[in-house]
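Ready for some practice in reading a protein structure? Take a look at the sequence and the model below, then try each exercise before you read its solution.

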Amino acid sequence: MEIVFLLVGVAVLGAAVLTVTTRQLVHAALWLVVALGGLAVEFLLLTAEFIAWVQVLIYLGSVVVLVLFGLMLTKAPIGRSPDADSGNRWAALAVGLASAAVLVTLLVDAFRTSWIDLGAGGGSAKATGTYLFRHWVLPFEALSVLLLAALVGAIVLSRSKDGDRPKPRPGKLRAGRATTAPKPTAPKER
């Protein structure tokens, strides 16, 4: 089981790297699906079935769909985008490596002598729900407000400057009203 856990972890890491390095926004969203799906598999391997299904329902089902709707509503470029690269790759890489080093150091120091008993039911829905809503309710609610703000922002950005309705073209039928094409005129006699 440890070997499968490590292989899935390597796949998640590869998908996460591809998510942040690709220049196509839709491909980044699809690599994010792979990374988040791999994390759900990791939770299943840790016998935390409830967290795995929450990962699938909330992150794969909601967050990725929200990202894709945001891309569609804001008319973001589908193909390669030169705007996707800010030119600060080396600074971002340095900050990312420093953050990863600090996180790994903290986790190794905090859990150096701890072992997880996977057979004790620690990943059950009751234990997870009790711990989540007793200790982590504020970040849980802050995340829901953040997602709502992202959706509202995408809707605001998608509205056109001239109003919500496109201007009708002459000679085309629009819902609820008809426009007439100009009448042909007879040629003038000399």
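The exercises below start with the whole chain and then turn to helix pairs and single residues. Keep in mind that this is a predicted model.

**Exercise 1. The whole chain**

Find out how many helices and strands the chain has, and in which order the elements run.

*Solution.* Start by counting: the chain has 6 helices and 2 strands. Next, walk along from the N terminus, and you meet the elements as α-α-α-α-α-α-β-β. Now turn to the surface. Of the 190 residues, 15% count as buried. The chain exposes about 15100 Å², and carbon and sulfur atoms supply 70% of that area. Finally, take the contacts with a separation of 6 or more: 62% of them are between residues 24 or more positions apart.

**Exercise 2. Helix 1 and helix 2**

Work out how helix 1 and helix 2 are oriented: roughly parallel or roughly antiparallel?

*Solution.* First locate helix 1, at residues 2–21, and helix 2, at residues 25–45. The axes of helix 1 and helix 2 come within 8 Å and cross at roughly 160°. Angles over 145 degrees count as roughly antiparallel, and therefore helix 1 and helix 2 are roughly antiparallel to each other. Their crossing is left-handed. To see who meets whom, look for residues of helix 1 including Val-4, Phe-5 and Val-8, and for residues of helix 2 including Trp-31, Leu-32 and Glu-42. Sorted by class, the residues of this contact are 15 nonpolar, 3 polar and 1 charged.

**Exercise 3. Helix 2 and helix 3**

Describe how helix 2 packs with helix 3, and say which classes of residues form the contact.

*Solution.* Begin with the geometry: helix 2 and helix 3 (residues 49–73) pack at an angle of about 175°, with their axes 8 Å apart. Because that angle is over 145 degrees, helix 2 is roughly antiparallel to helix 3. The contact of helix 2 with helix 3 has 19 nonpolar, 2 polar and 1 charged residues. On the side of helix 2 you will find Leu-36, Leu-39 and Phe-43 among them, and on the side of helix 3 Gln-55, Tyr-59 and Leu-60 are included.

**Exercise 4. Two residues of helix 3**

Decide for Gln-55: buried or exposed?

*Solution.* Gln-55 is found in helix 3. Its relative accessibility is 7%. Buried means under 20%, so Gln-55 counts as buried. Now look for its neighbours: leaving out residues up to four places away in sequence, Gln-55 touches Leu-36, Leu-39, Ala-40, Phe-43 and Leu-60.

Compare this with Phe-50, which is also found in helix 3. At 33% relative accessibility, Phe-50 counts as partly exposed. The C-alpha atoms of Phe-50 and Lys-126 are separated by 9.1 Å, although these residues are 76 apart along the chain.

**Exercise 5. A loop residue and a helix residue**

What sign does the phi of Thr-47 have?

*Solution.* Find Thr-47 in the loop between helix 2 and helix 3. Most residues other than glycine have a negative phi. Thr-47, though not a glycine, has a positive phi of about 60°. With a relative accessibility of 28%, Thr-47 counts as partly exposed.

For your last step, go to Leu-132 in helix 5 (residues 125–135). Leu-132 has a relative accessible area of 21% and is partly exposed. Apart from neighbours within four places in sequence, Leu-132 is in contact with Val-137 and Phe-140.

Terms used: Residues numbered from 1 in each chain as written. Predicted model: local features only at pLDDT ≥ 70, side-chain atom pairs only at ≥ 80, totals over all residues. Heavy atoms only, no water. Axes fitted to C-alpha atoms, helices over the stretch in contact; angles between N-to-C directions. Helix = DSSP H or I, 4+ residues; strand = E, 2+ residues; numbered from the N terminus. Parallel < 35°, antiparallel > 145°, perpendicular 65-115°, else oblique. Contact = heavy atoms within 4.5 Å. Nonpolar A, V, L, I, M, F, W, Y, C, P; charged D, E, K, R; others polar. Buried < 20%, exposed > 50% of the residue type's maximum accessible area, 1.4 Å probe, protein only. Areas by Shrake-Rupley, 256 points an atom, 1.4 Å probe, with all protein chains shown as cover. Left-handed = near helix turned anticlockwise from the far one by under 90°.
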